Amino acid sequence: MIAAAFPCLAPGKATAGAWPIEPGRTQLIAKYERTHADEGYDPDGVLVTVGHRRDELLSVFVEHGVTPRLTLQGKVGVTRGHDRWVDYEGRGPIEAGVRWTVRRDDRSSLALYVGAGEAGKGRNAGYATPGQGSLDLEARVLYGRSGVWRGRQVFVDLQAARLKRQGLADETRFDTTVGVRPAKRWLVMAQTYAGRTDRGEVGARWVKSEVSVVRAVGDWSVQAGWRDTVTGREVARDRGVLLSLWRQL
C-alpha cells in the first residue's frame, strides 16, 4: 500500500494526500521506521504477552506530476527485523501506481488511486510472518480539504482503500490525517490507520495512531513522529519511531 504523501510543505500552503503534484515537479520522501512489540491483541481484543519482535524499514517514496490531474507515485526500500522464529533482511515491498484528480477547487480535492505492489522479504502485513504475501492490487479514494481555524492553516485528509492480495487475506483500510500549521515553518499531524481482513471468523483488525512534527529548513523538510497500535484483534501492538526527509524538486 502506498499512503499518499503530503506534497507541499512550503510555508503558506497546507495540502494533503488528495492534492496532485504540479506538472513537472517531483517529491522525494526518504523515511526510516523502527517498530517493536512485546504485546499483541488476541481474538477478543485483549492485550496479551507475545514474543519480542522488531521491524525496521528504510524506504524512498516518489511522486511526480505529469498533468494537472495525473500524479505518478512509487516506493522502494530495504528492511530487516526478527522475532522468536526468524531473522530477516532484504528488499522491502515495491509499490507503484497513479493518482487521478477527479475534482479540485481552492479548498478541496477528490482523487482516485490505483496501483500494485510486490511483497518484500520482511513483514508485508502487521499480522503476517516475514516474507508472506505476493502481488497486491489496490484501489483508493482520497478526499482532502484545507482551511483556516483560529488563524491557523489546517487540513483534513480522508482515504478509503480496498486491497486484493495474493498470499494474504484481502483488506479494507481507512486512513485519516488532520494537520495544523502552528507557525510558518512548522506542521503538526495526527494520523490514524485502520483496517481489517476478510478472512476467518474473527480476522485481523487494527487501529494505528501516529503523531508527528514537520519542520521546513530551506528546500528540505524534516519529520519526526511516534506510532502506536492502539487497538486490534489478532495483531501485535507495534509501536515505534519514524524519521523522514522531504524534498520537492
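Hi everyone, let me start with a pocket. The lining of the second largest pocket has eleven nonpolar, four polar and six charged residues. Keep in mind that this is a predicted model, so please take everything I say today as a description of that model.

Staying with that pocket: its volume is about 410 Å³. Which residues lie nearest its centre? They are Val-50, Arg-53, Trp-85, Tyr-127 and Ala-236, out of 21 residues that line the second largest pocket. Three elements give two or more residues to this lining, namely β1 (26-41), β2 (47-65) and β13 (235-236). Of the elements, β2 gives the most, with four residues.

Now, let's step back to the whole chain. How many helices and how many strands are there? The chain has zero helices and 14 strands. If you read along the sequence, you simply meet one β after another, β-β-β-β-β-β-β-β-β-β-β-β-β-β.

What about overall dimensions? The C-alpha trace spans about 50 × 30 × 30 Å along its principal axes. The radius of gyration of the chain is 18 Å, and this agrees with a compact globule because one of 249 residues would have a value near 18 Å.

Next, how the strands pair up. I'll begin with β14, residues 239-248. On one hand, β14 pairs with β1 in the antiparallel sense, over ten bridges. If you want a spot to click on, Thr-35 has Gly-240 in β14 as its bridge partner. On the other hand, β14 also pairs with strand β12 (residues 220-233), again in the antiparallel sense, here over nine bridges. There you can look at Trp-226, whose bridge partner in β14 is Val-241. So β1, which we met in the pocket lining, is also a pairing partner of β14.

Another stretch to look at is the run from β8 to β10. Strand β8 (residues 152-165) and strand β9 (residues 171-183) run antiparallel and are joined by eleven bridges. Within that pairing, Arg-162 stands opposite Thr-172 in β9. The hairpin of β8 and β9 has five residues between the strands, and Gly-167 takes a positive phi near 85 degrees there.

Moving on along the chain, β9 is also joined to strand β10 (residues 186-197) by eleven bridges, and these two run antiparallel. Thr-177 has Gln-191 in β10 as its bridge partner. How many residues lie between β9 and β10 in their hairpin? Two residues lie between them.

Finally, a word on confidence. The mean pLDDT of the chain is 90, and 92% of its residues reach 70 or more. Where does pLDDT stay under 50? That stretch is residues 1-16, for which the model has 71 contacts beyond four places in sequence.

That's my tour, and thanks for listening!

Technical notes:
Residues numbered from 1 in each chain as written. Predicted model: local features only at pLDDT ≥ 70, side-chain atom pairs only at ≥ 80, totals over all residues. Heavy atoms only, no water. pLDDT = per-residue confidence, 0-100. Contact = heavy atoms within 4.5 Å. 1 Å grid on protein atoms, 1.4 Å probe; cavity = no way out; pocket = protein on both sides within 12 Å on 5 of 7 lines; lining within 4 Å. Points joined across faces, edges and corners; volume = space filled by probe spheres on them. Nonpolar A, V, L, I, M, F, W, Y, C, P; charged D, E, K, R; others polar. Pairing = 2+ DSSP bridges. Rg over C-alpha atoms; globule rule 2.2 N^0.38 Å.
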